[in-house]
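Here is a friendly tour of one protein model, with its sequence and coordinates shown just below. Have a look around before reading on.

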Amino acid sequence: MARRQWSIAGQLFALQAVVVTLLVLAGAAGAVVLARSDSQQAAREQVLGVAQTAAHSPEVRTALAAPDPSATLQPYAESIRRATKTDFVVVMAPDRTRYSHPNPKLIGQPFIGDIGPALAGDAFTTTNVGTLGESVRAVVPVYADDHRIVGLVSVGITTKVINRKLLAQVPVLLYAAVPALALAATGSWLLSRRLRRQTHGLGPAQMTRMYEYYDAVLHSVREGLVVLTRDRRVALINDEGRRLLGLDDEAAVTDRPVTAIDLPPAVAELLSSGRDAHDEPILAGDRVLVANQRTTRFEGAVLGTVLTLRDQTDLRNLASELDSVRALTEALQAQTHESANRMHTVLTLVELGRADEAVRLATRDLDLAQQLTDRVVGAVTEPALAALLLGKSAQAAERGVDLVVDPDCRLDDSPLPTTDLLTVVGNLVDNALEAVAGAAPPRRVRVLVGTVDDRLVVRVADNGPGLDPERVADAFRRGWSTKSAGRGLGLALVGQVIRRHDGTSEVGRTDDGETVFIVRLPVPREPR
């Protein structure tokens, strides 16, 4: 059976209980030591005062000069002892001979203890062991009228009596120590209970392992992660999240409001709203990200939100190219069916003996297609762009739209990366085709690609319903689209290319009432 590990709260409580108990015991011991010292000091002061009073008493000096000092001094000393509640009052001669003692049998015997300082004229206190045991005593000289020392007075209290008085104070110390200990234990228990609730009863090894695993996962996962608190402050952001959002590794973003961080507008709007999002494409600088945002809860309480980000820039570029290839394939399939129908018609005409009509029918469409191909290939030597325009022309013809390549179109070689050029032209043409889809015939889209004043110009016009002036500013923002059910990513990708190459865009209307999108991109000075 695995040994049960103590939680951090339990260990803290045990440690605090031990520390508090030791502190209380140390405090009680210190109080006892101080009380004992105070008791001894009080005893010294008491015996010294009594001895000095007795030494200055005229009865003592008179009795010391009498033939039998004990007859007077013994009852006098005993009365003082009982009145002052001391243990002995001894009056002696300078040679230590006792004239009084609580035990009359010891009268006349030498006094036990130090009397040297008193014989030198100084009153003093000391602790000695005598006939009554260890005691705190004072010895004071008795002077005659001629200032001679004619005797000594010693007053003492045994340490047994002092200790007995000290023990009487122990209950008072206990009355103070026990409530203090109980109060400290209660505070420690409340603190450990709060800590247990905050750490969910986890032990230090569990929390260390959890931190190591979580830290390793956060730094190695290939998805951006942004965790917000309930008040929309950043609680955590991993390395991939910083990379995708263009944040410096040294930038301090933790515990800062979302509005105080330099985030891409689409990401800032999503984080600030706190709404749920599922596989929502957003733009972050030059990247196309797929965002998922969820509200986090624990035991029913809302903790905040978690946003995950996946980089799909490359995938979007490939998907765009795939869409172009798919459109071209569909157009070729449609042309194949049309060609098959024409071939059947031509064969039938030949069988009917109407060869001239068969020739005219066979060559008419071929001439039109060849003219379009010759015009596009002659104007655009960039093979990918030429293929794109031919494919879009076939796609437009299938939809009943006349796609016209402007006679002024001329591009010998693409000064920009091919993918960026295809993104701009393809998405602008797709947007124009969608715009005229619901318009009345004739439906027309005109395309112009060329270089003017060291700038690559892409101009796409259509005779669709047009664009409201209020929506011009939103044309290149993610989410705007001419389609009623679109996600509006095409024009946003165009805007991304424009920003990447420091270009400009313009949306307006021509004198013919056509809506025109114009994109101008600087031509790099160095060859691509």
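## Two cores and a helix

In the largest nonpolar core, which holds 34 residues, the members that touch the most others are Leu-385, Val-425, Leu-428 and Val-449. Bear in mind that the model is predicted. The elements that each give two or more residues to this core are listed here:

| Element | Residues |
|---|---|
| helix H12 | 383-398 |
| strand E10 | 401-405 |
| helix H13 | 418-436 |
| strand E11 | 443-451 |
| strand E12 | 455-462 |
| helix H14 | 490-500 |
| strand E14 | 515-522 |

With 9 residues, H13 gives the most to this core.

Val-449 is worth a closer look. Setting aside neighbours within four places in sequence, Val-449 is in contact with Leu-385, Val-425, Leu-456, Val-457 and Val-458, as well as with Cys-409, Arg-410 and Leu-411. Apart from this core lies another, made up of 25 residues, including Ala-77, Ala-138, Val-153 and Val-155.

Now to helix H3, residues 69-84. At 1.5 Å a residue, its 16 residues should span 22 Å, and the end C-alpha atoms are indeed 22 Å apart, which agrees. The buried residues in H3 are Pro-69, Ser-70, Leu-73, Gln-74, Ala-77, Glu-78, Ile-80 and Arg-81. These cover an arc of only 160° around the axis, so they sit on the same side of H3. In general, an α-helix has 3.6 residues a turn, so residues three or four places apart point the same way. On the face of H3 turned away from the buried side are the exposed residues Ala-71, Arg-82 and Ala-83. Just after H3, Lys-85 adopts a positive phi of about 55°.

Notes: Residues are numbered from 1 along each chain as its sequence is written. This is a predicted model: local features need pLDDT of at least 70, side-chain atom pairs count only at pLDDT 80 or more; totals for chains, interfaces and linings use all residues. Side-chain values use heavy atoms; hydrogens and water are left out. A nonpolar core is a set of buried Ala, Val, Leu, Ile, Met, Phe, Trp, Tyr and Cys residues joined through side-chain atoms within 4.5 Å. Buried means under 20% relative accessible area, exposed over 50%, partly exposed in between (1.4 Å probe, protein chains only). Helices (H or I, at least four residues) and strands (E, at least two) are DSSP runs, numbered from the N terminus. Contact means heavy atoms within 4.5 Å. The expected span of a helix is 1.5 Å times one less than its number of residues. The arc is that of the directions from the helix axis to the C-beta atoms.
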